[in-house]
Amino acid sequence: MRYLDEFSNPESARRLIEEIRAVTTRRWSIMEVCGGQTHSIIRHGIDQLLPDRIEMIHGPGCPVCVTPLEIIDKALEIAARPGVIFCSFGDMLRVPGSERDLFRVKSEGGDVRVVYSPLDALTIAAQNPDRQVVFFGIGFETTAPANAMTVYQARKRGIENFSLLVSHVLVPPAIAAIMESPQCRVQGFLAAGHVCSVMGTEEYPPLAEKYRVPMVVTGFEPLDILEGIRRTVLQLEQGRHEVENAYPRAVRAEGNAAAKAMLADVFEVTDRGWRGIGTIPRSGWRLAPRYRHYDAEQRFAVGDLHTEESTVCRSGEVLQGLIKPNECAAFGTTCTPRNPLGATMVSSEGACAAYYLYRRLDLPAEVAHA
Ligand code: SF4
């Protein structure tokens, strides 16, 4: 199958691993930003095939995982209201809020529906003019264009009973926050290919220059990831810190002009809270003033909610790459995908779920023997 088999070829993978081995002379820590890349790395055992001197650090690029508890609680509050149809992608339904999740709201009588596109929610709104229909719009630059388009369409079609609960976050400010952390060990980045397919690569050279880190735009298949790692290691070994595009079949430097225009029309940049990390200035989007009428937070006046993070869950440290999931005491015992304590165990892109799913149940040797 084109674009799958050809990027999973074992012979090519072996060759890339040999090339990485040949150029590696020192210890390097490389962060893959995206949760999809984390799953691919763990699923294919790529981190175990690399030279011992290369450590892959899993980054915060899982949209479900970084959605703040406060927003989850607001979603639960809105979804429980009479007359509301609350629409979401399926993976948000099991994310724990302070006291319950959307599945619980649904079991208690809330009209919570799984949709496959925000435009499905708009259709539901058009079909139910006497109900308020809310779509839970979370995620990075990848999911934002479709949500922007939906709000644009709602306005154009005059569908007033639709609103968006927005929690969109941006990758470049998160990279800056990671690099500013005193505990940061990251020396190079695999930038998320799908984010760059929307936004292009123009935001990255200033970051690479400021923090003197190589940034290689990387795809998601095994050979994509190995090529991203190979190029990053080569830069590190040669003392370079440049932005390279190792995913040219999907990414152009200028990105997707139509998607960017839609984003610029519907959203404006704002400070955003990241679950487990805290507030990062100018790290997200909210609806621009002319679309604010479609903001579910305003429409339902869900202002000051009291939120309570689990005292056990260490997903904030996982999301910043400070610990591996199996270093959390709850991992695989009290926290499993069936009974998740944190979003990183719920999401199909979460690092904890990846470690559980692909049986990385043992502690790393250096932690186990500490
Ligand atoms: S294993 Fe569970 S409790 Fe531990 S950090 Fe991951 S999600 Fe949180």
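Which residue in E8 does Leu-190 stand opposite? In this predicted model, Leu-190 faces Val-216 of E8. The pair offers a handy way into the fold, since it leads directly to a sheet. Strand E7 (residues 188-192) and strand E8 (residues 215-218) are joined by four bridges and pair in the parallel sense.

These two strands belong to an open sheet of five strands, arranged in the order E2-E1-E7-E8-E9 with parallel pairing. Strand E2 (54-61) and strand E9 (243-245) lie at the edges; each has a single partner strand, so one side of each is left without a neighbour in the sheet. On average, neighbouring strands of this sheet are turned by 25° against each other, direction ignored. Helix H2 (residues 35-43) lies across strand E1 (28-34), E2, E7 and E8, and the helix runs at about 120° to E1.

A further open sheet has six strands, and here the pairing is mixed. Reading across it, the order is E4-E3-E5-E6-E11-E10. E4 and strand E10 (267-274) are the edge strands, each pairing on one side only. For this sheet, the average turn between neighbouring strands is 25°, direction ignored. Within it, E3 and E5 pair in the parallel sense over four bridges, and Val-84 has Gln-132 in E5 as its bridge partner.

Two helices that pack on this six-stranded sheet can be followed next. Helix H7 (residues 118-127) touches E3, E5 and E6, and its direction makes about 170° with that of E5. Helix H8 (residues 144-157) touches E5, E6, E10 and strand E11 (278-287), with a direction at about 155° to that of E6.

Helix H5 (residues 69-79) is worth a look of its own. This helix is mostly covered, with eight of its eleven residues buried. The buried residues are Leu-69, Ile-71, Ile-72, Lys-74, Ala-75, Leu-76, Ile-78 and Ala-79. They pack against several strands, namely strand E3 (84-88), strand E4 (111-114), strand E5 (132-139) and strand E6 (162-169). Their helical partners are helix H6 (102-107) and helix H14 (296-299).

Finally, the model holds a ligand, which is surrounded by 16 residues. The closest of these are Cys-313, Cys-328, Cys-335, Gly-342 and Cys-352. Helix H15 (315-319) and helix H16 (343-346) are the elements that give two or more residues to this shell. In character, the shell residues divide into twelve nonpolar, three polar and one charged.

Methods: Residues numbered from 1 in each chain as written. Predicted model: local features only at pLDDT ≥ 70, side-chain atom pairs only at ≥ 80, totals over all residues. Near = placed C-beta within 6 Å. Nonpolar A, V, L, I, M, F, W, Y, C, P; charged D, E, K, R; others polar. Buried ≥ 20, exposed ≤ 12 C-beta atoms within 10 Å, placed from the backbone. Contact = placed C-beta atoms within 7 Å. Pairing = 2+ DSSP bridges. Axes fitted to C-alpha atoms, helices over the stretch in contact; angles between N-to-C directions.
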